[in-house]
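Visitor: Please pick one part of this protein and take me through it closely. Keep the sentences short, as I am in my first year.

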Amino acid sequence: MKNKYRNTDSSIKAGDLILTEPPFAFVLSSKEQGTRCDNCLEKGKVLKCSGCQYVHYCGRACQRDAWIDHKWECANFKRITPKILPDGARMLAKIINRLQRGDGHSFRSFYSGTSFRMWKDLMSHYSDLKDDIKRMDHFTSLCVVLYDFLKDISLPNTVELMGLYGRMVINSFMILDIDMNSIGTGIYLASSILDHSCNPNAVATFDGKTINIRAIRDMPCLDWNQIRISYIDLMKTPYDRQTELLQNYYFLCQCDRCMDETQIKYAHAAICLNKQCNNPVSIPWKEDCLLVRKPEKKSDNENNSENQKSENSEEKSDCNSGEQLETGVSNDIESNKDDTEAIHCHECGTKYSEKHIDVFVKTMEFTHVHLQNMERASVAYIDVCQYCLERQDGVVHPLNVMHAQTLDHAFDALIQVQLWEKACGYADKLIPCFRFYYGERNPLLGLLYLKYGKILLYKMDIEKALSQLKCAEKIIKMTHGERHPLYKEQLLPLLQQAIMES
């Protein structure tokens with residue numbers, strides 16, 4: 001399949017498909033092995049490759065389609081069995097194989113009639129990688145595995161191999177399934193031109209292994225220099241988003257959402273004690289509680305020196321400001337300006353006693369610990385989530401990011417065990433959080449409406465189900481398109497059922 005792109009001369013409407021592209025290289029996540037096809041990534045009954053007994057296919061058509069790419073891999077898998085090849089090593093091996101045995105160096109992926117990207121155009125951030133201890137340890141471990149796995153290929157020297165590794169880790173996309181869960185990793189050359197913003201004007205969705213880029217805002221024309229997607233999960237504090245981008249992509253995001261005072265003041269806010277007031281109240285709950293990174297102010301001489309350096313570097317510029325990496329950090333919590341000042345609501349003047357402050361601090365600390373534990377375990381515990389939410393009730397603001405993250409974990413966990421009644425209660429509270437952190441046109445918000453509508457339909461709350469499903473249709477039609485299985489096979493039948501029931 002060749003990539004398809006939108007004519008740059010025409011105006012762009014929200015929902016327009018502006019780029020479709022198959023992967024340059026991809027791997028199915030090892031955690032999905034045996035449940036999904038290694039070629040089309042569809043979930044269902046799959047059979048092992050008779051040669052290596054490692055990869056799986058849903059049928060002969062996929063096996064034939066994948067054979068050109070798999071035949072060299074098959075023999076190597078068979079030789080190292082029963083060892084398991086890490087996903088990163090398998091991806092790097094596929095890239096090396098395509099570059100040495102195929103069309104990898106000459107392959108062009110077009111994003112307009114005259115513009116394209118090739119493998120060599122991808123940024124490697126070589127100098128940043130050398131200073132990144134964690135990434136260098138990962139690279140070293142992959143090299144050991146590759147030398148054992150690729151006995152039939154002469155590997156590049158260390159410098160070239162590190163350049164390949166850098167291009168891989170910086171430009172990889174997580175391939176998402178129909179429920180927006182990660183099921184693999186892919187390199188998409190044309191799509192790699194897209195920069196990041198925490199307030200994006202486009203989204204990347206997947207149909208199998210094919211990536212689709214759709215606009216979520218109207219634009220007068222298709223200017224690729226202005227198209228932005230989000231590289232990361234947005235339901236975090238600006239500081240946490242910036243930190244993740246610094247660690248993984250080596251640039252400091254200063255987009256309008258990260259610098260937005262409203263985002264900052266709600267992130268770790270307490271609820272106002274006055275029930276008639278919905279204003280967020282900033283209460284310091286730990287030392288150096290930073291909510292946003294801001295660049296240090298530089299002298300003219302430093303700025304001139306920085307400009308000269310940037311001409312010869314391949315540093316990735318920030319999506320909105322165009323500035324290079326800055327390391328200055330500051331905290332914008334108003335109540336931290338003067339520790340001696342009594343903490344109070346700046347809207348209605350309600351003051352907080354030491355007891356109220358202590359309850360808030362302990363609630364935040366307790367929630368923070370358990371969110372970290374659930375993140376490391378990759379699973380949510382219903383009883384822990386419910387206890388956290390009970391402690392948060394009447395203490396933290398409804399848009400507090402930790403409250404939102406706890407609700408999200410609890411909602412997913414309750415769906416897993418089919419406790420529909422409780423899941424509905426959490427969905428009602430979660431929707432405003434998703435709208436605040438993800439925006440009104442994010443596929444995750446559309447998916448939340450869809451899940452909620454499906455539960456309500458099951459419970460025969462038809463009127464409310466219809467309302468939620470219509471909200472889902474408005475978003476998913478824009479972010480995925482009418483032909484996507486999520487829209488065509490999941491949403492439309494539910495919507496039609498709700499209409500008939502009503």
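**Two packed helices**

Guide: Helix 11 passes helix 13 in a left-handed crossing. Keep in mind that this is a predicted model. In general, two packed helices are described by the angle between their axes and the distance between the axes. Take the angle here. Helix 11, residues 401–416, packs against helix 13, residues 443–458, at about 40 degrees. Now the distance. The axes of helix 11 and helix 13 lie 13 Å apart. The angle of about 40 degrees makes helix 11 oblique to helix 13. Why oblique? Angles under 35 degrees count as roughly parallel, and 65 to 115 as roughly perpendicular, so the angle between helix 11 and helix 13 falls in neither group.

Next, which residues meet? From helix 11 come Phe411, Asp412 and Ile415. From helix 13 come Leu448, Lys451 and Ile455. Sort the residues of this contact by class, and you get 4 nonpolar, no polar and 2 charged. The nonpolar ones are Phe411, Ile415, Leu448 and Ile455. The charged ones are Asp412 in helix 11 and Lys451 in helix 13.

Find the place in the model step by step. Start with helix 11, at residues 401–416. Pick out Phe411, Asp412 and Ile415 there. Then go to helix 13, at residues 443–458. Look there for Leu448, Lys451 and Ile455. Last, view the two helices together and trace the left-handed crossing.

Methods
Residues numbered from 1 in each chain as written. Predicted model: local features only at pLDDT ≥ 70, side-chain atom pairs only at ≥ 80, totals over all residues. Heavy atoms only, no water. Axes fitted to C-alpha atoms, helices over the stretch in contact; angles between N-to-C directions. Helix = DSSP H or I, 4+ residues; strand = E, 2+ residues; numbered from the N terminus. Parallel < 35°, antiparallel > 145°, perpendicular 65-115°, else oblique. Left-handed = near helix turned anticlockwise from the far one by under 90°. Contact = heavy atoms within 4.5 Å.
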